[in-house]
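This briefing covers the pockets of a two-chain model and the contact between its chains. Please look over the structure before reading on.

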Amino acid sequence: MIRGFTQILLFWILGESLHFLTAIPISGNVLGMLLLFAWLLLRQQVSAELEQTSQALIAQLSLLLLPGGVGLFFLGERMQGQWLPVLGAIGIATLLSMALCILLMQRLTPAETTTSADQEPH
Amino acid sequence: MQQLNALLDHLLQTPLLPVAMTLIAFQLGLQLFNRLNRPAWLPPIVSGGLILVTLLALLPMDYSQYYAGAKWLSFLLGPATVALAIPLFLQFHRIRALMLPISLCLLLGAPLAAGLAMLIAWGLGADPATLISIAPKSVTAPIAVSLAELLGGIGSLAVGIVALTGVVGSLFAPLLCRWMGCSDERILGFVMGLNGHGIATARAFEISPTAGAFSSLAMGLTGAYTALFLPLLLPLLF
């Protein structure tokens with residue numbers, strides 16, 4: 001676990017440094033993710049350690065998002081007149097873009113063969 | 001009363017109280033979610049969030065005091081975001097099964113999800129900071145927060161928008177698919193992950209392992225791809 005966590009922190013540091021030094025407009029943690037993904041593609045395998053650590057971290061995402069997320073309720077006047085556009089965009093745009101995605105994929109997808117996806121632990 | 005306030009001050013010297021409150025609220029939210037038979041309209045992040053807000057309203061503590069301590073939990077969002085590379089890598093091979101529809105749907109669908117949302121919000125009178133917070137609405141929350149804050153939006157607002165989008169996605173994607181006569185679970189899964197990120201992916205896994213797998217693939221691809229194009233395209237608009 002610690003080994004996997006350290007590797008993840010190293011990729012984060014790498015991403016932060018790249019963001020800082022090159023002024024690429026992508027935040028350090030996201031760059032870290034992209035770098036780690038590229039590294040895994042190159043190596044074509046992921047260590048059990050790293051997989052365990054990532055599962056543990058990702059399983060707690062909802063919890064980790066709570067402190068920032070509840071800030072939503074304390075934005076106060078900042079949000080005056082903004083709720084209608086926010087809710088409208090979420091409702092209408094999400095339905096529209098889902099419908100268009102379904103349409104597009106239906107057009108392009110060949111009929112399903114017998115076993116399309118094997119069961120995998122997640 | 002004075003002593004009570006002194007005690008509160010003392011407890012707020014360290015992250016102890018805010019961190020404990022967050023854990024308690026989250027577990028209560030999770031219990032509520034399980035008790036109600038895991039409804040798609042109330043994922044734990046929403047139920048936990050509502051309980052946490054109630055706690056904060058009851059205690060004589062304002063949000064900035066709370067956040068000063070609870071940001072230690074938020075710190076872990078950094079490594080959790082980096083860790084998203086691993087499930088993306090593990091699901092990446094599935095792209096081969098449907099190379100053309102997946103890449104086209106991703107290339108067009110992800111900017112479409114962001115663009116449509118911004119267009120509608122703009123039409124309804126959103127200000128620039130709100131618009132920027134809406135742009136990453138279909139992206140998994142940790143990436144969306146980073147994007148929103150980097151580009152001049154509001155992180156908290158982005159989390160709320162992302163969570164609600166996930167709820168809408170998990171509720172309506174299966175219905176839309178049925179109405180449109182689509183029975184392919186790979187398509188359903190991919191559309192759920194592309195539009196509703198982690199919340200819809202959790203739902204997709206309840207529908208079937210195939211839908212779940214394609215949903216995780218779509219979530220990872222959309223997150224990585226949006227993180228690349230949004231910072232490049234958004235400054236052109238403002």
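A pocket here is an open set of grid points where a 1.4 Å probe fits, with protein on both sides within 12 Å along at least five of seven lines. Its volume is the space filled by probe spheres set on the points. The model is predicted. By that reckoning, the second largest pocket has a volume of about 430 Å³, and the largest has a volume of about 1,400 Å³.

**Second largest pocket**

- This pocket is lined by 23 residues, and those closest to its centre are B:S74, B:L77, B:V145, B:S146 and B:E149.
- Two elements of chain A, α1 (2-22) and α4 (61-69), give two or more residues each to the lining. In chain B, α4 (63-75), α5 (77-83), α9 (141-151) and α10 (155-179) do likewise.
- Helix α9(B) provides the largest share of the lining of the second largest pocket, with five residues.
- By class, the lining of the second largest pocket holds eleven nonpolar, ten polar and two charged residues.
- The second largest pocket lies between domain 1 (2-75) and domain 2 (81-237) of chain B, because both domains give residues to its lining.

**Largest pocket**

- The volume of the largest pocket is about 1,400 Å³. Its lining is made up of 50 residues, of which A:I58, A:A59, B:G198, B:T201 and B:A202 are the closest to the centre.
- Helix α11 (residues 185-207) of chain B contributes eight residues to the lining of the largest pocket, the most of any element.
- The lining of the largest pocket divides into 30 nonpolar, 15 polar and five charged residues.
- Domain 1 (2-75) and domain 2 (81-237) of chain B both supply lining residues, so the largest pocket lies between them.

**Contact between the chains**

- The size of an interface is often given as the accessible area lost when the parts come together.
- About 7,800 Å² is buried between chain B and chain A, and carbon and sulfur atoms give 82% of that area.
- Of the area that chain B buries against chain A, B:V82, B:I86 and B:F89 supply 9%, more than any other three residues.
- In residue terms, 97 residues of chain B are in contact with 78 residues of chain A.

**Salt bridge**

- How many salt bridges are there between chain B and chain A? The count is one.
- B:D127 forms a salt bridge with A:R78, and their closest N and O atoms are 3.3 Å apart.

Key:
Residues are numbered from 1 along each chain as its sequence is written. Chains are lettered from A and ligands numbered from 1 in the order in which they are written. This is a predicted model: local features need pLDDT of at least 70, side-chain atom pairs count only at pLDDT 80 or more; totals for chains, interfaces and linings use all residues. Side-chain values use heavy atoms; hydrogens and water are left out. On a 1 Å grid over the protein atoms alone, a cavity is a set of points where a 1.4 Å probe fits but cannot get out, and a pocket is an open set with protein on both sides within 12 Å along at least five of seven lines; lining residues have an atom within 4 Å of a point. Helices (H or I, at least four residues) and strands (E, at least two) are DSSP runs, numbered from the N terminus. Ala, Val, Leu, Ile, Met, Phe, Trp, Tyr, Cys and Pro count as nonpolar, Asp, Glu, Lys and Arg as charged, and the others, Gly among them, as polar. Domain bounds come from an automatic or database domain assignment. Contact means heavy atoms within 4.5 Å. Buried area is the accessible area (1.4 Å probe) that two parts lose on being put together, summed over both. A salt bridge is a side-chain nitrogen of Lys or Arg within 4 Å of a carboxyl oxygen of Asp or Glu.
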